[in-house]
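I opened the viewer to see how the strands are put together. These are my notes, in the order I looked things up.

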Amino acid sequence: MKVLKSSKEYSDWLSSLDEKTTIGVAPTMGNIHDAHLSLLAQALKDNDKGVITIFVNPTQFGEDEDFESYPRTLQNDIDKIATLETMGKEIIIFAPKNNDIYPENFNQYIQANEISCDLEGALRPTHFDGVVTVVNRLFDITKPTSAYFGKKDYQQLKLIELMANQYHPKTTIVAMPILREENGLAMSSRNNYLSREQKQEALILKQTLESLKEIIQGTKSLKKVENKINQVLKEDSRFNYLSIKSLHDFKEVKDLNQPVVILGNFQMNQTRLLDNLEVNI
Ligand code: PAF
């Protein structure tokens, strides 16, 4: 396992490889947990080399958000990643500095596709432009054959797929299932901000998504699901949104004759939690 801390170190490593070597990349902002490790494990399974990037990306945080306080735990992260060395393939941890990703006069900002405008994008207006910009930059440097993203951030995943289609058509984007804590809460670095009791309370998000899924499967009536969503949003102000989108293009659905994804965002004090469920009707 190597820890490479600049794009120069990374490109030197890259140029030492045979050109047929396949590289699986798992982009993260560190504070590594099992869901991140599952991305890297899949990258290692599918490819000759596995790369995990660790970079807390300033451009995806809004002004009032937790960029400064976002946990930076590099040594701990390295120890956790080292547990995957048993898979027998070389692991690269790419942990660049800010001025390496955003050098002076950086001009490769990308605007995310229009599906960035609602849900997370409505709560965090510049967030997805920052995400696609940094992922494009990380792909330019790391040259992934395949790149691995969790479905917990479903809207992000769709936007990265669209960005990659345009700018990195040779890179395969692999969508990985949501990993959950023991009590069922979707794993997220931000879960660390919650007490045990708050984690328990936050389960209402998953339970609500499950009850919406039951309505969809039981009645196949979009009206009934929308009524239920409106009722929950009215009665519980901790929900920032609940929404149904087409699994295919992430647009609004007019009927339920297609696979959909139900998404929710739940506020626990200062912490916003995401979760979603796919429904194949
Ligand atoms: O999902 C994340 O951790 C980040 O948004 C990503 C994709 C690593 C970009 O900074």
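**Strand β5 and its neighbours**

I started with strand β5, residues 146-150, and checked burial: four of its five residues are buried, which I take as under 20% relative accessible area, so the strand is largely enclosed by the rest of the structure. Worth keeping in mind that this is a predicted model.

Next I asked what β5 pairs with. On the β2 side (residues 23-28), I found parallel pairing over two bridges. Gly24 sits opposite Ser146 of β5 there.

Then I looked at strand β6, residues 172-176. β5 and β6 also run parallel, and five bridges link them. For a landmark I picked Tyr148, which stands opposite Val174 in β6. I followed the chain between these two strands: it leaves β5, passes through helix α7 (residues 154-167) and arrives at β6, a β-α-β crossover that is right-handed.

Reminder to self: strands in a sheet pair through backbone hydrogen bonds, in either the parallel or the antiparallel sense.

**The antiparallel sheet**

Further along I came to an open sheet of three strands, ordered β7-β8-β9, and the pairing here is antiparallel. Which strands are at the edges? They are β7 (239-246) and β9 (271-279), each pairing on one side only. I also checked the angle between neighbouring strands of this sheet: 15° on average, with direction ignored.

Last, I went over the contact between β7 and β8. Strand β8 covers residues 260-268 and is joined to β7 by seven bridges, antiparallel. My landmark here is Ile244, facing Ile262 in β8.

Technical notes: Residues are numbered from 1 along each chain as its sequence is written. This is a predicted model: local features need pLDDT of at least 70, side-chain atom pairs count only at pLDDT 80 or more; totals for chains, interfaces and linings use all residues. Side-chain values use heavy atoms; hydrogens and water are left out. Buried means under 20% relative accessible area, exposed over 50%, partly exposed in between (1.4 Å probe, protein chains only). Two strands pair if DSSP finds at least two bridges between them. A crossover is right-handed if, with the strands pointing away from the viewer, the path from the first strand over the helix to the second runs clockwise. Axes are lines fitted to C-alpha atoms, for helices over the stretch in contact, and angles run from 0 to 180 degrees between N-to-C directions.
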